[in-house]
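Here is a short note for a first look at this entry. Please read the points with the structure open beside them.

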Amino acid sequence: MFKVGDLVTRISHSNDVIFKIVKIEEGIANLKGINVRLCADSDVNDLVLVTSKDNNEDRTFYEKLEKIRNFERSDYFYIPGKILHIDGDRDYLERCLDFYKKANVLAFGVYSDEKEMAINIEKYLEDINPDIVVITGHDSLAKQNSKYFADAVKVCRKYQRDYDKLIIIAGACQSEYDKLIKSGANFASSPKKINIHALDPAIIALSLSLCDKNKEINLLELLEKTSNGKDGMGGVNTRGVMTTGYPR
């Protein structure tokens, strides 16, 4: 009835999240959220096939992108902040990199298992010298990858202690927000232990990349750009990282 790659929802969860089937074994399907950074297992009898993927959520994010890029263009020139995005999921990483590309922001993507992130991240920091680091992937009360995210954050913060010179965005669905902030992240998920959208870390990173380094961001307005606002993402007062010059 079902096969790998099918899009489905779960009857027991009121069909609230669209998943892709990544594996089926002995009547149990391994699932990965299409828009939500969530992995789950389900009995195939609890699944309903979805005939088409609803792109409304992505459209909303790309509409926000146009507003983020709305800055003075006359005789000024702009150098957006450089982003290093480390992700525990290849599909989500590609979506985020495409998001940055559409905004003409330089971003480097690295796929890494969450357990390995802290081991290699310093090398990427030295090679790329980013203004913003995104550390994300999969997390949940069961997976408990927050520890690995926090370890990677600590490496980054030891590398650059100034919160305005290196902005760190960390966490995924249901991550331990307090632990990530205390480890040195500027922004983290998830204050209310809820699921976050695949692009939520990217929308924070992109917004800061396109905000002037002499301007302090409006924290509440920035968080409201994400899918669930302050319930899904939180952070500390931070300045932008974009360089503005004159004349072009």
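**Notes on the model**

1. Start with one cysteine. Cys211 is buried, at 13% relative accessibility. The model is predicted, so read the values here as computed from that model.

2. Cys211 takes part in no disulfide. The nearest cysteine sulfur belongs to Cys96 and is 20 Å away. The structure as a whole holds zero disulfides.

3. Why does Cys96 form no bond with the closest cysteine sulfur? That sulfur, in Cys173, is 12 Å from the sulfur of Cys96, which is too far for a bond. A disulfide needs the two sulfur atoms within 2.5 Å. Cys96 is also buried, with a relative accessible area of 0%.

4. Now the sheet. Six strands form an open sheet with mixed pairing. Read across, the order is β8-β7-β9-β10-β11-β12. Which strands stand at the edges? They are β8 (107-111) and β12 (234-235). Each has a single partner strand, so one side of each is left without a neighbour in the sheet.

5. Look next at one pair inside this sheet. Strands β7 (residues 83-87) and β9 (residues 132-136) run parallel, and five bridges join them. One residue pair to find on screen is Ile86 with its bridge partner Ile135 in β9. As background, strands of a sheet pair through backbone hydrogen bonds, either parallel or antiparallel.

6. Two helices pack on the sheet. Helix α2 (residues 90-102) touches β7, β8 and β9. The direction of α2 makes about 180° with that of β8. Helix α3 (residues 117-128) also touches β7, β8 and β9. For α3, the angle quoted is with β7, at about 160°.

7. Last, a loop residue. Where is Asp139? Asp139 sits in the loop between β9 and α4 (146-159). Is Asp139 buried or exposed? Asp139 is buried, with a relative accessible area of 2%.

8. The side chain of Asp139 has polar partners. A polar atom of that side chain lies 2.7 Å from the backbone nitrogen of Asn145. The side chain of Ser175 makes a polar contact with the side chain of Asp139, at 2.6 Å.

9. Leaving aside residues up to four places away in sequence, Asp139 touches Arg37, Gln144, Asn145, Ser146, Phe149, Ala172, Cys173 and Ser175. Cys173 appears in that list, and the sulfur of Cys173 is the closest cysteine sulfur to that of Cys96.

How values were computed:
Residues numbered from 1 in each chain as written. Predicted model: local features only at pLDDT ≥ 70, side-chain atom pairs only at ≥ 80, totals over all residues. Heavy atoms only, no water. Pairing = 2+ DSSP bridges. Helix = DSSP H or I, 4+ residues; strand = E, 2+ residues; numbered from the N terminus. Contact = heavy atoms within 4.5 Å. Axes fitted to C-alpha atoms, helices over the stretch in contact; angles between N-to-C directions. Buried < 20%, exposed > 50% of the residue type's maximum accessible area, 1.4 Å probe, protein only. Polar contact = N/O pair within 3.5 Å; in protein donor to acceptor, adjacent residues only side chain to side chain.
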